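Colleague: I would like to go through this model with you before I return to the bench. Could you take my questions one topic at a time?

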Amino acid sequence: MVRYIFKLIRVMHSDTDPRQIALGFALGMIMGLTPLTSLHNILVIMAILILRTNISAAIISWAFFSLCAVILDPLFHQIGLAILVKVNMLEGVWTALYNAPLIPYTRFNNSIVMGSLIFSLVIFYPVYRGGAFLVIEYRDIFMERFNQWKVVHIIKASNLYKLYSRYSELKG
Amino acid sequence: MKMIRWGGLITFIVIIGLIAAFDLFFLDTIIERSLERQGSLIVGARVDIGELDFSLFDLHLAIKDLQVTDPEHPMLNAVESGEIFINLAAAPLLKKKIVIENMTVRNIALNTPRKTSGALPPRLNRIRNKVAAPEKEPDAPASATNRLEECSLPDFSAVADIRNRSPEDILSGVKLKSSEFLSEYVNKVSATRQSWKTRLEALPTKESLNADLKSLKELINEKPKNVTELPGYLEKIKVLKNRVQSSKQALTAAGKDFQSDMSSLRESLSSANIEKLKSQDLSAVMKKLDIKIPSSEDLVCVLVGKDIARKITTALSWYRKLNGLMPAGKGGDAAEKPRQVPRMKGVDVAFPVTHGYPDFLLEKAAFSTRSDVPSLPEGVAFSKLSGTFEGLTTQPYLYGKPAVFNISGALAGGGARELLFKGTMDHRTEPADDSFTLSVKEIKIRRTETDDSETAPLQIASADITMNSGLKMHGGSIEGRTVLTVLNPEVAVGSKAAAFKDLFKNTGPFDVFISIGGTLEQPSMALSSSLTKTLKSGLENIVREKLSGLEKNIKTYIATRVDAEREKADSETNSLEKSINGTIAERLELAGRILKEASGQDTSPTDVLKKKGLPLPF
């Protein structure tokens with residue numbers, strides 16, 4: 001995980017497109033908030049690997065939102081149950097999906113899978129846009145200040161960082 | 001910016017390939033663990049699979065050495081099977097539906113011993129308690145008397161210990177009603193004596209009557225000086241006479257009242273009354289000894305009814321489990337399952353299956369048992385058993401056919417010549433309509449001396465039993481009947497029922513009828529038997545014989561104690577009667593004498609004038 005944090009810092013300080021970082025972060029969020037073993041996460045992983053997203057951002061985002069999911073599960077359950085049970089007009093859709101081939105394996109009828117997926121899809125675009133905006137803002141305003149922080153100097157002077165930098169250089 | 005990262009695509013394919021390869025290599029283990037876990041959660045005890053082989057290409061599953069633990073007895077397997085072959089339908093699997101086209105189960109054995117405990121591990125137990133919908137509790141617990149499987153013999157052997165005790169010991173500290181009555185009676189006599197003493201003091205006394213007599217005599221001797229004093233003289237005599245007359249009347253009335261009191265006292269002390277009280281005392285003492293006498297129904301229940309009732313209860317509990325898995329009508333398609341949500345698990349909402357296959361369907365299963373399983377004391381071993389099961393499904397309305405099973409076989413070692421078990425479970429519509437018939441011919445019971453004859457009060461040591469049982473379930477209500485015909489019975493009598501040994505010496509053939517009713521949640525069973533009539537008179541004789549000596553001794557002791565007290569009461573009564581009657585009689589006699597003397601006197605003025613020689617005024 002430390003490796004990915006360093007990688008993300010490097011990417012933030014590089015010329016990488018902020019949208020790639022933001023997209024990685026947003027896709028990682030879906031993986032983090034929804035149960036990992038759900039079938040839709042294969043599509044998310046495929047998107048992270050195939051699209052030019054930042055994988056470090058996706059992994060850090062996944063780790064961060066997995067922790068959030070532990071707290072948010074009861075909320076997801078309520079959302080999912082409401083969508084699956086209380087929205088009458090959707091009952092036909094769910095029944096059709098329930099009887100369709102392969103779809104039942106997605107576990108869409110599980111309250112937490114449904115609730116967390118809906119929640120993460122709703123906040124996907126704001127997270128993506130907000131992430132891109134924050135990367136740009138960071139680079140414009142904070143990057144110089146950040147480099148001047150004593151903590152950063154200490155980290156950069158540390159053997160661990162030197163070792164990592166050397167490893168990264170050797171790896172190319 | 002190039003959108004596609006081809007390296008990423010290759011990585012993705014490699015990752016998916018690796019996952020698929022892992023699943024293929026470990027698919028058998030994954031399915032095995034999953035089946036064991038799910039099975040254990042359903043049964044409530046461990047379900048173990050020895051070996052599992054799944055062929056993905058022809059969807060063929062082979063399971064070896066399946067053991068399903070009996071939840072009530074963790075060291076026993078309720079069912080054990082050597083081999084199970086399952087052919088799954090491919091198309092329904094795409095819709096996440098498990099349809100078993102045919103299943104063959106071989107080498108089934110029931111009630112086999114386990115090497116290790118099959119109790120549910122604590123972790124699974126916690127999950128089961130959290131996830132499983134709580135089983136519906138019976139509306140009200142069946143009363144103990146209605147629970148045939150809990151019938152027992154009262155401890156009649158206690159009579160022998162009681163008989164060894166002396167009546168003094170048995171009656172020590174016992175308050176006899178007759179004694180209490182006599183003690184109260186003596187107090188009542190004392191109180192009566194006291195009240196009569198007071199009353200006698202208020203009545204004309206011997207002294208006052210003597211004074212009247214003296215006054216009368218003085219008047220007789222006295223002469224009026226002249227005629228003018230005559231009316232006054234006569235008036236004095238009259239007043240005196242009236243006073244004595246009223247005294248006599250008061251004394252007579254008192255005498256009558258006393259006789260009334262005495263007859264009331266004597267009536268309460270009548271022999272009939274005392275005998276009645278003594279009889280009540282005897283009953284109370286016998287009741288206090290708490291000698292429990294078993295009924296003939298109790299004896300039959302302990303002999304055969306209890307075992308059958310337990311087996312019926314076990315069968316009903318398994319039926320309840322099965323019933324929960326195949327709900328009647330569309331009831332199983334509730335949009336929301338009201339249950340506790342385990343953390344990070346959520347709730348699987350079931351939607352109606354509109355077409356195609358049910359979520360689970362076992363179209364046809366054929367099974368057979370193995371014959372080399374040694375019979376356990378509580379177990380059943382079959383020399384041959386085979387049968388079919390069709391249409392077992394979680395959504396019977398969707399399958400459109402009732403579940404049907406048909407089993408036939410025989411018990412090992414000639415234990416039963418023929419066994420037939422048939423049933424239909426029609427859960428297509430609500431309420432469910434199920435019927436079962438079980439017929440077992442010539443169950444041979446041959447118990448050895450080493451069996452639990454010491455712990456069991458009564459058990460059939462040897463008999464040939466034929467059983468016919470029929471059960472119908474309509475919705476939640478049950479209606480059924482089990483008939484046992486017991487031929488050539490020999491009954492082993494344990495120490496607890498030793499007193500009834502003679503009763504079962506020459507027991508002839510008999511029938512036992514168990515009728516089953518009530519609801520699935522609260523079934524009730526009632527027993528009747530031709531043996532109860534046979535046992536009844538013999539039982540009465542035994543009870544009478546055992547209790548007669550004891551009852552007689554207690555009766556004699558009560559009589560001795562009470563009769564002494566009664567003598568004392570009688571003597572007190574006589575003494576009172578003599579004393580009060582004597583006093584009243586003495587006073588009455590005196591009053592009578594005064595009046596007699598007074599009546600001898602002339603009361604007309606002319607007679608007095610003549611007798612006294614008084615000078616006439618004219």
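Modeller: Certainly. One term is needed at the outset: a residue is called buried under 20% relative accessible area, exposed over 50%, and partly exposed in between. Please also keep in mind that this is a predicted model.

Colleague: Let us apply that to B:Lys96. Why does B:Lys96 count as partly exposed?

Modeller: The relative accessibility of B:Lys96 is 39%, so the residue counts as partly exposed. B:Lys96 sits in the loop between H2 and strand S4 (98-113) of chain B.

Colleague: What is the phi of B:Lys96?

Modeller: B:Lys96 has a positive phi of about 60°, although this residue is not a glycine. Most residues other than glycine have a negative phi.

Colleague: And what about the phi of B:Leu59?

Modeller: B:Leu59, which is not a glycine either, has a positive phi of about 50°. B:Leu59 belongs to the loop between strand S1 (47-55) and strand S2 (60-70) of chain B. With a relative accessible area of 11%, B:Leu59 is buried.

Colleague: Staying with the backbone, which residues does a cis peptide bond join?

Modeller: B:Glu430 and B:Pro431 are joined by a cis peptide bond, with omega at about -5°. B:Pro431 is located in the loop between strand S8 (416-426) and S9 of chain B.

Colleague: Now the interface. How many residues of chain A and chain B are in contact?

Modeller: On the chain A side 34 residues are in contact with 33 residues of chain B. The two chains bury about 3000 Å² between them, and 62% of that is on carbon and sulfur atoms.

Colleague: Which three residues of chain A supply more of its buried area than any other three?

Modeller: They are A:Arg52, A:Tyr98 and A:Asn99, which supply 22% of the area that chain A buries against chain B.

Colleague: How many salt bridges are there across that interface?

Modeller: The rule finds zero salt bridges between chain A and chain B. Over all chains, the search of the whole structure finds 18.

Colleague: Where does B:Lys278 fit in, and what is its partner?

Modeller: B:Lys278 forms a salt bridge with B:Asp563, and their closest N and O atoms are 3.2 Å apart. B:Lys278 lies in helix H9 (residues 271-288) of chain B and B:Asp563 in helix H12 (residues 530-599) of chain B, so this pair ties together parts that are 285 residues apart in sequence. B:Lys278 is buried, at a relative accessible area of 11%, whereas B:Asp563 is partly exposed at 35%.

Colleague: Which residues do salt bridges with shared partners join into one network?

Modeller: B:Glu32, B:Arg33 and B:Glu36 form that network. Within the network, the side chains of B:Glu32 and B:Arg33 meet at 3.3 Å, N to O. B:Glu32 is buried, with a relative accessible area of 12%, while B:Arg33 is partly exposed at 48%.

Colleague: Let us change topic to the aromatic residues. How many aromatic pairs does the search find?

Modeller: The search of the whole structure finds 14 aromatic pairs over all chains. One of them is A:Trp94 with A:Phe108: the ring centres are 5.9 Å apart and the planes lie at 35°, so this pair is tilted. The pair links distant parts of the chain, with A:Trp94 in helix H5 (residues 91-98) of chain A and A:Phe108 in the loop between H5 and helix H6 (111-148) of chain A, 14 residues apart.

Colleague: Are those two residues buried or exposed?

Modeller: A:Trp94 has a relative accessibility of 9% and counts as buried. A:Phe108, at 8%, counts as buried too.

Colleague: Then how do the rings of B:Phe405 and B:Phe436 lie?

Modeller: Their centres are 5.8 Å apart and their planes are at 35°, so the pair is tilted. B:Phe405 is in strand S7 (residues 403-411) of chain B and B:Phe436 in strand S9 (residues 433-446) of chain B, so the pair ties together parts that are 31 residues apart in sequence. Both B:Phe405 and B:Phe436 are buried, and with B:Tyr319, B:Phe389 and B:Phe421 they form one aromatic cluster.

Colleague: Finally, which residues make the nonpolar surface patch of about 420 Å²?

Modeller: The patch is made by A:Leu39, A:Ile42, A:Leu102, A:Tyr105 and B:Leu94. B:Leu94 is found in helix H2 (residues 90-94) of chain B and counts as partly exposed at 44% relative accessibility.

How values were computed: Residues numbered from 1 in each chain as written. Chains lettered and ligands numbered in written order. Predicted model: local features only at pLDDT ≥ 70, side-chain atom pairs only at ≥ 80, totals over all residues. Heavy atoms only, no water. Phe/Tyr/Trp six-rings, centres within 6.5 Å; stacked < 30°, edge-to-face > 60°. Helix = DSSP H or I, 4+ residues; strand = E, 2+ residues; numbered from the N terminus. Buried < 20%, exposed > 50% of the residue type's maximum accessible area, 1.4 Å probe, protein only. Patch = residues over 30% accessible without salt bridge, like charges linked within 9 Å, V, L, I, M, F, W, Y side chains within 5 Å. Areas by Shrake-Rupley, 256 points an atom, 1.4 Å probe, with all protein chains shown as cover. Salt bridge = Lys/Arg side-chain N within 4 Å of Asp/Glu carboxyl O. Contact = heavy atoms within 4.5 Å. Buried area = accessible area lost by both parts, 1.4 Å probe.
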